[in-house]
Amino acid sequence: METIILRGNSKSNAKLLQELARKLNFSAKKISAEEAEEIGLFYSIKEGLDSGLMVEEEKNRFISSLEDE
């Protein structure tokens, strides 16, 4: 599976890309800015853990701090 994330300011072009994706047998889903931010955080944390720049304890503290807000 391959994933592509595109971001733009044109609703009409976004709709066109979604239509094209469906015609090419790709699934397409519009996501909110909040969902995009959550995806970015997920991959940043994963990369930090995989590279050793972040340890599990730091991850847990960070996630807890987000839940407290």
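**Exercise 1. Check the length of helix H1 against its residue count, and look at what follows the helix.**

Solution. Start with the count: helix H1 covers residues 11-23, which makes 13 residues, and at 1.5 Å a residue these should span 18 Å. Next, take the distance between the end C-alpha atoms of H1, which is 19 Å, so the two values agree. Keep in mind throughout that this is a predicted model. Now step past the end of the helix: H1 is followed by Asn 25, with a positive phi near 65°. Asn 25 sits in the loop between H1 and H2. Its positive phi deserves a second look, as Asn 25 is a residue other than glycine. Finally, place Asn 25 relative to the surface: its relative accessible area is 73%, over the 50% cut-off, and therefore Asn 25 is exposed.

**Exercise 2. Do the same for helix H2.**

Solution. H2 has 19 residues, and the expected span at 1.5 Å a residue is 27 Å. From the first C-alpha of H2 to the last, the helix reaches 27 Å, close to that expectation. Then look just beyond: Gly 52 follows H2, and its phi is also positive, near 90°.

**Exercise 3. Find the salt bridges that join residues within one helix, and classify each partner by accessibility.**

Solution. A short reminder helps here: side chains of opposite charge can pair when their charged atoms come close. The structure has four salt bridges in total, and two of the pairs are treated in this exercise.

- Step 1, the pair in H2. Lys 46 and Asp 50 form a salt bridge, with their closest N and O atoms 2.9 Å apart. Both residues belong to helix H2 (residues 33-51), and they are four residues apart, about one turn of the helix.
- Step 2, accessibility of this pair. Lys 46 counts as partly exposed because its relative accessibility is 39%. Asp 50, at 57%, is exposed.
- Step 3, the pair in H3. Lys 59 and Glu 56 meet through their side chains in a salt bridge of 2.7 Å, N to O. Here both partners lie in helix H3 (residues 56-68), three residues apart, again about one turn of the helix.
- Step 4, accessibility of this pair. Glu 56 has 42% relative accessibility and counts as partly exposed. Lys 59 has 18%, which is under the 20% cut-off, so it counts as buried.

**Exercise 4. Which residues does Lys 59 touch, not counting residues up to four places away in sequence?**

Solution. First locate the residue: Lys 59 lies in helix H3. With sequence neighbours up to four places away left out, Lys 59 touches Ile 45, Leu 49 and Met 54. Put this next to the accessibility: Lys 59 is a buried residue, at 18%.

**Exercise 5. Describe the salt bridge between Lys 29 and Glu 35.**

Solution. The distance comes first: the side chains of Lys 29 and Glu 35 meet at 3.6 Å, N to O. This lies within the 4 Å cut-off for a salt bridge. Then compare each partner with the accessibility classes. Lys 29 is exposed because its relative accessibility is 62%. Glu 35 has 32% and therefore counts as partly exposed.

**Exercise 6. Classify the geometry of the aromatic pair.**

Solution. A pair of aromatic rings is described by the distance of the centres and the angle of the planes. This model contains one aromatic pair. Phe 42 and Tyr 43 form the pair, with ring centres 5.0 Å apart and 80° between the planes. Angles over 60 degrees count as edge-to-face, so this pair is edge-to-face. As for accessibility, Phe 42 is partly exposed at 48%, while Tyr 43 is exposed at 52%.

**Exercise 7. Examine two residues in the segment before H1, Ile 4 and Arg 7.**

Solution. Take Ile 4 to begin with. Its relative accessibility is 63%, so Ile 4 counts as exposed. Ile 4 also belongs to a nonpolar surface patch with Leu 6, Leu 17, Leu 20, Leu 24 and Phe 26, and together these residues have about 640 Å² of accessible area. Now turn to Arg 7, which is exposed because its relative accessible area is 75%. Lastly, see where Arg 7 lies relative to Ala 36: the two are 29 residues apart along the chain, and their C-alpha atoms are separated by 9.7 Å.

Terms used
Residues are numbered from 1 along each chain as its sequence is written. This is a predicted model: local features need pLDDT of at least 70, side-chain atom pairs count only at pLDDT 80 or more; totals for chains, interfaces and linings use all residues. Side-chain values use heavy atoms; hydrogens and water are left out. The expected span of a helix is 1.5 Å times one less than its number of residues. Patches are made of residues with over 30% relative accessible area and no salt bridge: like charges are joined within 9 Å, nonpolar side chains (Val, Leu, Ile, Met, Phe, Trp, Tyr) within 5 Å. Accessible areas come from the Shrake-Rupley method with a 1.4 Å probe; for residues, only the protein chains shown count as cover. Buried means under 20% relative accessible area, exposed over 50%, partly exposed in between (1.4 Å probe, protein chains only). Rings of Phe, Tyr and Trp (its six-membered ring) pair if their centres lie within 6.5 Å; planes under 30 degrees apart count as stacked, over 60 as edge-to-face and the rest as tilted. Contact means heavy atoms within 4.5 Å.
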